[in-house]
Amino acid sequence: DLYNFRQIGPDTKVHGVIGNPIGHSKSPHLYNGAFKSVNFNGIYLPLLVDNVANFLNTYSSPDFVGYSYTIPHKEAGFNCCDEIDPIAKEIGAISCMIRKPDGKLKGYNVDYLGAIAAIEEGLRASNGASNGSGSPLAGKLFVVMGAGGAGKALAFGGKEKGARVVVANRSYDKAKQLASKVGGEAISLAELENFHPEEGMILANTTSVGMKPKIENTPLPKHALKHYSLVFDAIYTPKLTRLLREAEESGATIVYGTEMFINQAFVQFEKFTGLPAPKQLIRDTLARNT
Ligand code: ATR
């Protein structure tokens with residue numbers, strides 16, 4: 001019952017995840033179930049693809065409307081877009097592609113959109129304020145640890161939401177490069193320990209420090225964490241990193257790395273269907289399958 005083949009008709013919209021290998025992807029299960037739950041006339045297939053450009057040229061009918069990209073095709077997908085979301089362009093990778101009504105293929109990086117959405121949700125929940133259309137990140141001092149791919153994504157995402165961005169990285173040069181691109185400040189990771197120009201700052205870790213198996217490591221010592229009201233860690237193995245544990249002990253709201261993945265599924269569903277995501281169903285499906 002995963003694919004509802006009997007329901008496929010002339011109006012069915014085709015989606016899929018493009019990768020190689022693709023057999024183990026959980027995405028078809030996730031999106032087909034979610035489509036069905038809101039009565040969206042769509043299907044989502046695992047697409048084992050060698051050459052992304054050839055695939056897109058072959059399946060160019062308007063019914064093929066949405067793709068997710070996974071290893072090793074995120075860069076090839078990027079190169080096949082007619083249009084690219086400005087932040088995905090800065091990051092240099094896409095994870096989602098939509099065929100617009102005019103036939104143009106537009107690329108997005110939903111990984112970064114998911115991370116920012118997870119942080120915003122954490123802030124809204126802790127403020128008890130669900131109303132208001134502005135981002136709860138607006139005006140906040142947002143410290144991003146790390147200046148690699150994920151650091152770039154978070155820094156650009158924070159800037160887009162109106163946060164004041166600080167990039168903290170082990171190698172200061174890379175911090176400086178990224179900070180100048182987002183119009184923020186740069187600091188070395190070592191200096192961050194004594195950096196607290198104000199209270200209630202937001203912290204995001206995108207370094208690999210604290211990842212399994214070296215779970216006793218942490219990118220920022222506990223005494224520094226009391227200046228932050230929310231801490232997000234992009235690491236999801238383990239789910240509760242030492243950084244998050246100590247942040248929680250220091251009174252901060254914590255946002256798990258797994259929330260980034262869950263939120264990117266919400267964002268992607270909404271881009272595919274134009275409908276609000278069935279959030280609880282998506283959470284339950286991911287919890288069962290991961
Ligand atoms: P990703 O795509 O996940 O962001 P990446 O591009 O390899 O991964 O970036 C890794 C980030 O983790 C970098 O910011 C790196 O800092 P440097 O630029 O100084 O290398 C950071 N990082 C990795 N190991 C680290 C460590 N032991 N201490 C501090 N930072 C570390």
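Let's start at Leu189, which sits in helix 8, the stretch covering residues 189-192. Keep in mind that we are looking at a predicted model. Is Leu189 buried or exposed? With a relative accessible area of 17%, Leu189 is buried, since the cut-off for that label is under 20%. Leaving aside residues up to four places away in sequence, Leu189 touches Met145, Ala168, Asn169, Arg170 and Pro219. There is also a link to Leu220 worth pointing out: 31 residues separate Leu189 from Leu220 along the chain, and their C-alpha atoms are 8.0 Å apart.

Now please turn the view to Asp233. You'll find Asp233 in strand 11, residues 228-233. How much relative accessible area does Asp233 have? The answer is 0%, so Asp233 counts as buried. Who surrounds it? Again without residues up to four places away in sequence, Asp233 touches Asn205, Thr241, Leu243, Leu244, Val255, Tyr256 and Gly257. For a sense of scale, pick Asn41 as well: Asp233 and Asn41 are 192 residues apart in sequence, and the C-alpha to C-alpha distance between them is 36 Å.

Staying with acidic side chains for a moment, let's go to Glu259. Glu259 belongs to helix 10, which runs over residues 258-273. Its relative accessibility is 16%, so Glu259 counts as buried. The partners of Glu259, once residues up to four places away in sequence are set aside, are Gly114, Ala118, Glu121 and Arg283.

On to helix packing. Two packed helices are described by the angle between their axes and the distance between the axes. I have two pairs for you.

The first pair I picked is helix 5, residues 110-127, with helix 6, residues 149-160; they pack at about 55°, and their axes are 9 Å apart. At that angle, helix 5 and helix 6 are therefore oblique to each other. The crossing of helix 5 past helix 6 is right-handed. Which residues make this contact? From helix 5 we have Tyr112, Ala115, Ile116 and Ile119, and helix 6 brings Ala153, Leu154, Gly157, Gly158 and Glu160. By character, the contact residues of helix 5 with helix 6 are six nonpolar, two polar and one charged.

The other pair is helix 1, residues 27-37, and helix 11, residues 279-289, where the packing angle is about 150° and the axes lie 10 Å apart. That angle is over 145 degrees, so helix 1 is roughly antiparallel to helix 11. Helix 1 and helix 11 also make a right-handed crossing. On the helix 1 side, the contact uses His29, Leu30, Gly33, Ala34 and Ser37, while helix 11 contributes Leu281, Ile282, Thr285, Leu286 and Asn289. Sorted by character, the residues where helix 1 meets helix 11 come out as five nonpolar, five polar and no charged.

Last stop, the cysteines. How many disulfides does the structure hold? Zero. Why is Cys80 not bonded to Cys81? The sulfur of Cys80 has its closest cysteine sulfur in Cys81, and that one is 7.4 Å away, which is too far for a bond, because a disulfide needs the two sulfur atoms within 2.5 Å. Cys81 is likewise in no disulfide, with the sulfur of Cys80 as its nearest. As for its surroundings, Cys81 has 14% relative accessibility, so Cys81 counts as buried.

That's my tour, and thanks for listening, everyone!

Definitions and conventions. Residues are numbered from 1 along each chain as its sequence is written. This is a predicted model: local features need pLDDT of at least 70, side-chain atom pairs count only at pLDDT 80 or more; totals for chains, interfaces and linings use all residues. Side-chain values use heavy atoms; hydrogens and water are left out. Axes are lines fitted to C-alpha atoms, for helices over the stretch in contact, and angles run from 0 to 180 degrees between N-to-C directions. Helices (H or I, at least four residues) and strands (E, at least two) are DSSP runs, numbered from the N terminus. Angles under 35 degrees count as roughly parallel, over 145 as roughly antiparallel, 65 to 115 as roughly perpendicular and the rest as oblique. A crossing is left-handed if the near helix is turned anticlockwise from the far one by less than a right angle, and right-handed if clockwise. Contact means heavy atoms within 4.5 Å. Ala, Val, Leu, Ile, Met, Phe, Trp, Tyr, Cys and Pro count as nonpolar, Asp, Glu, Lys and Arg as charged, and the others, Gly among them, as polar. Buried means under 20% relative accessible area, exposed over 50%, partly exposed in between (1.4 Å probe, protein chains only).
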